[in-house]
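Trainee: Could you take one part of this protein, go through it closely, and then show what surrounds it?

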Amino acid sequence: MPDIQLRIELLDTAPLVWRRVRVPEQITLQRLHTVIQAAMGWYDYHLFEFECDGRYYGEPDEWGDRPIAMARNAQLKRIAARAPDNTFHYMYDFGDGWEHRITVEATGLDETNPCPRLIDGAMACPPEDIGGIPGYEALKIAAAGGDDEHGKMVLEALDGHFDPHLLDEDEVDFMLEHIQAGFRRGGRSKVERDANVAKRELRSKSRGQGSPLDAMLEAQGIYNVEELMQAVQAEIDRNKKK
């Protein structure tokens, strides 16, 4: 099945929080929701809704005030074909109101593996439940050392650390792995998955947190990500020869 490339933008953020992803064209909007959650950095705590050409897709509930179709029954390929100006919208968390614009950049692309996958992006996703865009702006002020009471409260809840410019691509890749497995394109090998976990552990160590994996890696003479990946590649080459 061909792939579709999408650009996802979190509206009203400056600098813009955005992601570019590649997904199978047969993916449903329900599954696309999980891809967006992983790519942006959300945790699927709240309701969501897609809108395309005046039609709405999500999870119908008794409190809704308009017709809404089941997202699990709507295929992205069909939505993309009738999206005005190749765009449709995704809302996450009706309380905080995180509105995303999704642009269909390309369709009919050659099938890739693994897929779905992150292609590009910029900026950290706002944390959950911080009061929408105003809360996000307050957090950025506090993270930069400014005096904003709400922002300082949110920053304290994050243990005093938030970098709005950080897009953790390793974390996104890790979160996408279980979705990739569902499309039976093979996904990553076990060695590569283990390497990704190990790499995340090493990055935690660099932040001063330490990890149970540290001693094992140091015993093998591995002290950084580059050395780890060299060891992983050597293991992959050995497996190919078996």
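Mentor: I will begin with the model as a whole, then look closely at one helix, and then follow the chain outward from there.

This is a predicted model: local features are given only where pLDDT is at least 70, side-chain atom pairs count only at pLDDT 80 or more, and totals for chains, interfaces and linings use all residues. Residues are numbered from 1 along each chain as its sequence is written, and side-chain values use heavy atoms, with hydrogens and water left out.

The average pLDDT (the predictor's confidence in each residue, from 0 to 100) is 85 for the protein, and 75% of the residues score at least 70. Residues 207-216 stay under 50 in pLDDT, and for that stretch the model has 8 contacts (heavy atoms within 4.5 Å) beyond four places in sequence.

The protein has 8 helices and 8 strands. Both are DSSP runs, numbered from the N terminus: H or I over at least four residues for a helix, E over at least two for a strand. Of the 242 residues, 42% count as buried (under 20% relative accessible area; exposed is over 50%, partly exposed in between, with a 1.4 Å probe and protein chains only). Among contacts between residues at least 6 apart in sequence, 64% join residues at least 24 apart.

The part to look at is helix α1, residues 29-40. Start with the core. The largest nonpolar core in the protein has 49 residues, and α1 supplies the largest share of it, 7 residues. Such a core is a set of buried Ala, Val, Leu, Ile, Met, Phe, Trp, Tyr and Cys residues joined through side-chain atoms within 4.5 Å. The residues with the most contacts inside this core are Leu6, Val23, Leu32, Phe50 and Phe88.

Follow Leu32 first. Leaving out neighbours within four places in sequence, Leu32 is in contact with Leu6, Val23, Ile27, Phe50, Leu76 and Phe88. Leu6, Val23, Phe50 and Phe88 are therefore found twice, once as partners of Leu32 and once among the residues with the most contacts inside the core.

Now take His33, which lies in α1. Is His33 buried or exposed? With a relative accessibility of 1%, His33 counts as buried. Beyond four places in sequence, His33 touches Asp44, Phe48, Phe50 and Tyr90. Phe50 is thus a partner of His33 as well as of Leu32.

One partner of His33, Asp44, sits in the loop between α1 and β3, where β3 is residues 48-52. Asp44 has a positive phi of about 60 degrees, although it is not a glycine. Its relative accessibility is 42%, so Asp44 counts as partly exposed. Asn86 also has a positive phi of about 60 degrees without being a glycine. Asn86 lies in the loop between α2 (76-81) and β6 (87-92), and because its relative accessibility is 40%, it counts as partly exposed.

From the end of α1, look across to strand β2. The C-alpha atoms of Arg20 and Met40 are 9.9 Å apart, with their positions 20 residues apart along the chain. Arg20 has its place in β2 and, with a relative accessible area of 17%, is buried. Its partners beyond four places in sequence are Gln5, Leu6, Arg7, Glu105, Arg117, Leu118, Ile119 and Asp120. Leu6, a partner of Leu32, is among those that Arg20 touches.

Strand β2 (17-24) also has a helix against it: the buried residues of α3 pack against β2, β7 (98-109) and α4 (149-157). Helix α3, residues 132-143, has 12 residues and reaches 16 Å from its first C-alpha to its last. Its buried residues are Gly132, Ile133, Gly135, Tyr136, Ala138, Leu139, Lys140 and Ala142. Just after α3, Gly145 takes a positive phi of about 95 degrees.

Past β7 comes a loop to β8 (117-122), and Pro114 lies in it. The peptide bond from Asn113 to Pro114 is cis, with omega near 0 degrees. Pro116 is in that loop too, joined to Cys115 by a cis peptide bond with omega of about 5 degrees.

Last, the cysteines named here. Cys115 is buried at 0% relative accessibility, and Cys52 is buried at 1%. The structure holds 0 disulfides (pairs of cysteine sulfur atoms within 2.5 Å).

Technical notes. The expected span of a helix is 1.5 Å times one less than its number of residues.
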